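The following report looks at how one chain is packed, beginning with a single helix and then turning to the nonpolar cores and the cysteines.

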Amino acid sequence: MILTAGPSITKLEKKYVADAVSNGWNNNWNNYLVKLENSFKKYFKVKYAIPTSSCTGAMHLILKSLDIKKGDEVIVPDTTWVATASAVKYVGAKPVFADIDPETWTICPKSIEKKINKKTKAIMVVHLYGHPSKMDEIVKISKKYKIYLIEDAAPAVGAKFNNKLVGTFGIAAAFSFQGAKLVVSGEGGMIITSNDYLNKKIKQLAAHGRGNNKKKGTFWIEKIGYKYSMSNIQAALCLAQFERLDEL
């Protein structure tokens, strides 16, 4: 069996993780999470970055927060990891499979346009193995038909299309830090967006549906949510990796 290369771990990762294990509790429970969020916001020049327990969970949160539901359709590539289509099924919608462009090995813009109908609510592109999709053509399609553009950038942190970072073309994007990715935290993901409404909904859904009413307190739950948060220890490892992104 030929295994994946595995991560590059240096003294920096060990230092951050050791600090999180020793000191990242109580009042310091989220210090590395905050640093990781800020690093992503700065790098991608977006308003919001939301760490998650996985990229799969991140995509589920995006779709749920966009109110995509039963009876809706989401166009996805025919070649991708199953999580892309699974996330669509999680919200009750139908994944519609578009063909693959032989030049990029990613979703084909011409095939996308053929699949669009009145039920189509979103296009979810996948930048497979870090290779960007043809985002100029796909952005035009999403605007023409007024449907959401979501980027499954799971393996593509740092990749660029026409000198623009993938993850910044659509309304939201999801990244993965699973062990075979460029930047790892063991498991984990990240959502980036600059949409205020979407950010608010995602954060609430990712934290068991907690409310924002300070008078009612931390444990006041307003709606059914999910447990999709990343741990501070994972964030410590991820932050060290992300700080070495150009090197990696």
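## A covered helix, the cores and the cysteines

Helix H3 (residues 55-65) is mostly covered, with 9 of its 11 residues buried, where buried means under 20% relative accessible area with a 1.4 Å probe and protein chains only, and helices (H or I, at least four residues) and strands (E, at least two) are DSSP runs numbered from the N terminus. This is a predicted model, in which local features need pLDDT of at least 70 and side-chain atom pairs count only at pLDDT 80 or more, while totals for chains, interfaces and linings use all residues. Residues are numbered from 1 along each chain as its sequence is written, and side-chain values use heavy atoms, with hydrogens and water left out.

Among the buried residues of H3 are Cys55, Met59, Leu61 and Ile62, and the helix is followed by Asp67, whose phi is positive, near 60 degrees.

The largest nonpolar core (buried Ala, Val, Leu, Ile, Met, Phe, Trp, Tyr and Cys residues joined through side-chain atoms within 4.5 Å) has 29 residues, and Phe40, Phe44, Phe175 and Ile192 have the most contacts inside it. Helices H1, H2 and H8 and strands S8 and S9 each supply at least two residues of this core, H8 giving the most, with 6 residues.

Two cysteines that count as buried are listed here.

| Residue | Relative accessibility |
|---|---|
| Cys55 | 6% |
| Cys108 | 15% |

With a disulfide taken as a pair of cysteine sulfur atoms within 2.5 Å, the count comes to 0. The sulfur of Cys55 is too far for a bond, because the closest cysteine sulfur, in Cys238, is 12 Å away.

Notes: Buried means under 20% relative accessible area, exposed over 50%, partly exposed in between (1.4 Å probe, protein chains only).
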